[in-house]
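Subject: Structure for you to look at

Hi,

Here is the structure I promised to pass on. Please have a look at it first, and then read my notes below.

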Amino acid sequence: MPPRTALLALLALGCHSRVPVATAAAPEEIPALLDAAAADDELAWQRLTHLCDDIGHRITGSDTLTQAIEWSVSELEQDGFDSVTAEPVQAEGWVRGHERVSVLPDNRLLNVLALGNSAGTPDGPIDVDVVVVTSFDELTALGDSVAGKAVLFNVPFTTYGETVAYRVAGPRLAAEQGAVVALVRSIAPVSLNTPHTGVTNFDETPPIPAVALTLEDAEWMHRRQRDGVAVRIRVDLGAHSIGTVETANVVAEKRGVEFPEQVVVVGCHLDSWDVGQGAQDDGAGCLLAWEAARDVISLGPSKRTLRLVLYTNEESGLAGGSAYPGAHPSDRHVAAVESDTGAGPATGFRVHAVDSTSGDTDPERAARFIARLTDSDFTARENYAGSDISPLVKTGTIGFGVDHDTTNYWPIHHTRADTLEKIDRQVLQDNVRLTAGLLMWLLNTDDEQLE
Ligand SMILES: [Zn+2]
């Protein structure tokens, strides 16, 4: 298609593409073309604003997540992809309901958020004594003396990956020792009395009420215990499971002209927790991936196929990420890129390689990619790339995580404060440009560079 016809076709589609080039750009032109494409962020910013302010937070099973899925399909259909599909995914739904946790005897209310998969108190509020532990070993040592009590895990934040184990597994382990309530110090480095929700997994153990406390309240309870003063609380929760729900991954594809069977995925998760607006987690990541894909398409055909995936149910079960490889069994996924660590300035990429036979991380393969990226003027280090793409990475696909500065991310992650005004528009634009550059490299580099 000659350039003018392509432009008219794009205009007819209502596409806001800035650089309507119909043939592949010469390699030396690519940086300037990407700069020009990324410089126009009006549509991306409008879309992020719509997602946050008009749709709002988007937990699995909610009408707002369905709305976000339907809206993104209709928007993507105007963006010049060859196909846009909502791929059905089944996931487990959970509803927060009311939540009141207070300190007895004066009934002083605490600022809390129940954890995803928490049980409620359907027979009315329960009153329990609190036992504070600072490690799994301490809990184990207490044996069944915690039966009938509330166990509080007051574990200071080191790294997210390390500390989050207390939120994910702590309530189940407490329940297995007979505790009737689990309290978890919010997984965050600092706090302005801010509770952070997140998922907890009970597996086959019957769930108990599980609640995130603020750092302030966790420390206060711990000080009371050290001072020999008993803490007794009243827990009143409406949390409950809503069983299996239908949701979807949104998949938009631009086919490659030379190796269409080779697929490069760029992704994020469209769902969020049910507080705040899901702006940093992961609305901004979605607009980053989406806009980077749009910029790449605007530069004309690529050798390989580009696939944008807005995953569902990352927060409360990873059903979207887990379902994706099975929905595409015959595709050869040569690389997967994800943005899910906020909206801070990104300096480069985290590279994650897994040996698909042993399931172990493969640092040598990651190092080879880091060297190639460095040769192409990117910055990269070895680390976990992202949870939505992790099922693909386990099959041997090389994974890249956009490596944001997370200084301002963990303090608001999974809180009511995850709202649009925290996103810096210029930083988002810079991150889009960086990611579009990586996608261009992955889509067009020589085959041996991707081994
Ligand atoms: Zn996330």
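The sheet is an open one with eight strands, in the order E3-E2-E9-E5-E6-E7-E8-E4 and with mixed pairing. Strand E3 (108-109) and strand E4 (113-114) are its edges, each pairing on one side only. Do bear in mind that this is a predicted model.

Further in, strand E7 (residues 181-185) and strand E8 (residues 210-213) run parallel and share four bridges. If you want a spot to zoom in on, arginine 185 stands opposite leucine 213 in E8.

Two helices lie across the strands. Helix H6 (residues 160-176) crosses strand E6 (150-153), E7 and E8, at about 155 degrees to E7. Helix H7 (residues 215-226) lies across strand E5 (126-133), E6, E7 and E8, and its angle to E5 is about 80 degrees.

Now the overall layout. Domain 1 covers 3-94 + 243-450, and domain 2 covers 97-238. Their C-alpha centres are 35 Å apart. Where they meet, twelve residues of domain 1 contact 14 residues of domain 2. On the domain 1 side, the touching residues are seven nonpolar, four polar and one charged.

Finally, the cores. The largest nonpolar core counts 81 residues, and Val264, Ala293, Val296 and Leu439 have the most contacts inside it. Helix H8 (residues 279-298) gives the largest share of that core, eleven residues. Beyond its sequence neighbours within four places, valine 264 has contacts that include Arg304, Val334, Leu439 and Leu443. A second, separate core has 43 residues, among them Ala114, Val128, Ala175 and Val235.

Best wishes

Methods: Residues numbered from 1 in each chain as written. Predicted model: local features only at pLDDT ≥ 70, side-chain atom pairs only at ≥ 80, totals over all residues. Domains from an automatic or database assignment. Contact = placed C-beta atoms within 7 Å. Nonpolar A, V, L, I, M, F, W, Y, C, P; charged D, E, K, R; others polar. Core = buried A, V, L, I, M, F, W, Y, C linked by C-beta atoms within 7 Å. Buried ≥ 20, exposed ≤ 12 C-beta atoms within 10 Å, placed from the backbone. Pairing = 2+ DSSP bridges. Axes fitted to C-alpha atoms, helices over the stretch in contact; angles between N-to-C directions.
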